[in-house]
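Okay, hi everyone. Today I'd like to talk about aromatic rings and where they meet. Let me put the structure up first.

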Amino acid sequence: MRKWLIGIVGFTLLVIIGIFILLPAQIVVQQSVFVHASAKSSYRCLTEKSMIQKWWRADSKNKISNNFASFSENEWEYQFIPLMLNGVKVNINHGKKNIQSLITIAGLEKDSSYLEWKAEWPKTHNPIVRLQQYCHAHAMKKNIRDVLMQFSNFINNPERLYGLQINRTKVIDTLIATSKKVVSTYPVANEYYKMIEYLQQYVAAFDAQATNYPMLNISPIGKNEFGVMVGLPVNKPIPESNHIQLKRMIPGNILVAEITGGLNRIEAAKQEMINYLDDNNLRQPAIPYQQLITNRKAEPDSTRWVTKLYFPIY
């Protein structure tokens, strides 16, 4: 009996010694991923609640508060808190345990970045607690890897990230006949199509031809005022008048996206293109415009409007 007792005590001591030797006093969980998106894109997708909801698993139980968003994954809850300098603090809850972690984002090239997620468990000299922490940390590491894979799969697809396909191309229509006016309310289709029709008649009067669809820009210029500009790409120069101006565009770079839908869809798409500009540190040398593929005056159902959005860039 005494030998058995000595054996048990000896084995227990060996286990404790092994825990102290093999397991560090402070356990660190670390995972990383490269993504084909800028550091700004990565930061935005990790800090804006609406963006996190897009890439987080739809079947997860999530909590959205006025301050921060909490998202669950396999009984692990993550709360993302924005920090300065491309850092995101993440509070991780699992049962009664709360672990502080940090995601750091390093921009590599214009369209890629490196993310490192690091969590540190509290130091302990208790071998039992240390063993428990090791088991939980092992599960956490797998869970964090799964979360990063969800994030990577989402952000590596620009069409999912921005909700539309944005292409970079060159300006083709460089000679534009334009007309503009200021109105007190947001213009409806009939209003700016009157301007387009007048422009078409003016262009035709000088034996010129439109080489592409009509162009439109509507911009707020003050309280309850909107500037409306319409344009027609033409095949040759025409005389200007008090109402018609001829503009020449530099054949530089431009972003283009085709969408289908009414005003809400158009405004949402314009905002996503602005996000694309900001994410990729692009600037606009000229105003953006819509190209009216569908004749909106002839098609009353705005859900069927096809529009191309153009944003000149450098």
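Let's begin with one residue, F80. Is F80 buried or exposed? Its relative accessible area is 3%, and anything under 20% counts as buried, so F80 is buried. Keep in mind that what you're looking at is a predicted model.

Now, over to the ring pairs. How many aromatic pairs are there? The count comes to 15. Take W55 and F80, which pair edge-to-face: their centres are 6.3 Å apart, with 80 degrees between the planes. Along the chain these two are 25 residues apart, and the pair links distant parts: W55 sits in helix α3, residues 49-55, while F80 belongs to strand β4, residues 76-83. And W55? Its relative accessible area is 4%, so W55 is buried.

Here's another pair I like: Y162 with Y276. That one is edge-to-face as well, at 5.3 Å centre to centre and 65 degrees between the planes. So which parts does it tie together? Y162 is in helix α5, residues 158-162, and Y276 is in helix α7, residues 263-279, so the pair joins parts that are 114 residues apart in sequence. Y162 has 4% relative accessibility, so that residue counts as buried. Y276 comes in at 12%, so it counts as buried too.

Last thing: the cluster. Which residues form it? One aromatic cluster is made up of W55, W56, F71, Y78, F80, W117 and F151. Notice that W55 and F80, from our edge-to-face pair, are both on that list.

That's me done, thanks!

Notes:
Residues are numbered from 1 along each chain as its sequence is written. This is a predicted model: local features need pLDDT of at least 70, side-chain atom pairs count only at pLDDT 80 or more; totals for chains, interfaces and linings use all residues. Side-chain values use heavy atoms; hydrogens and water are left out. Rings of Phe, Tyr and Trp (its six-membered ring) pair if their centres lie within 6.5 Å; planes under 30 degrees apart count as stacked, over 60 as edge-to-face and the rest as tilted. Helices (H or I, at least four residues) and strands (E, at least two) are DSSP runs, numbered from the N terminus. Buried means under 20% relative accessible area, exposed over 50%, partly exposed in between (1.4 Å probe, protein chains only).
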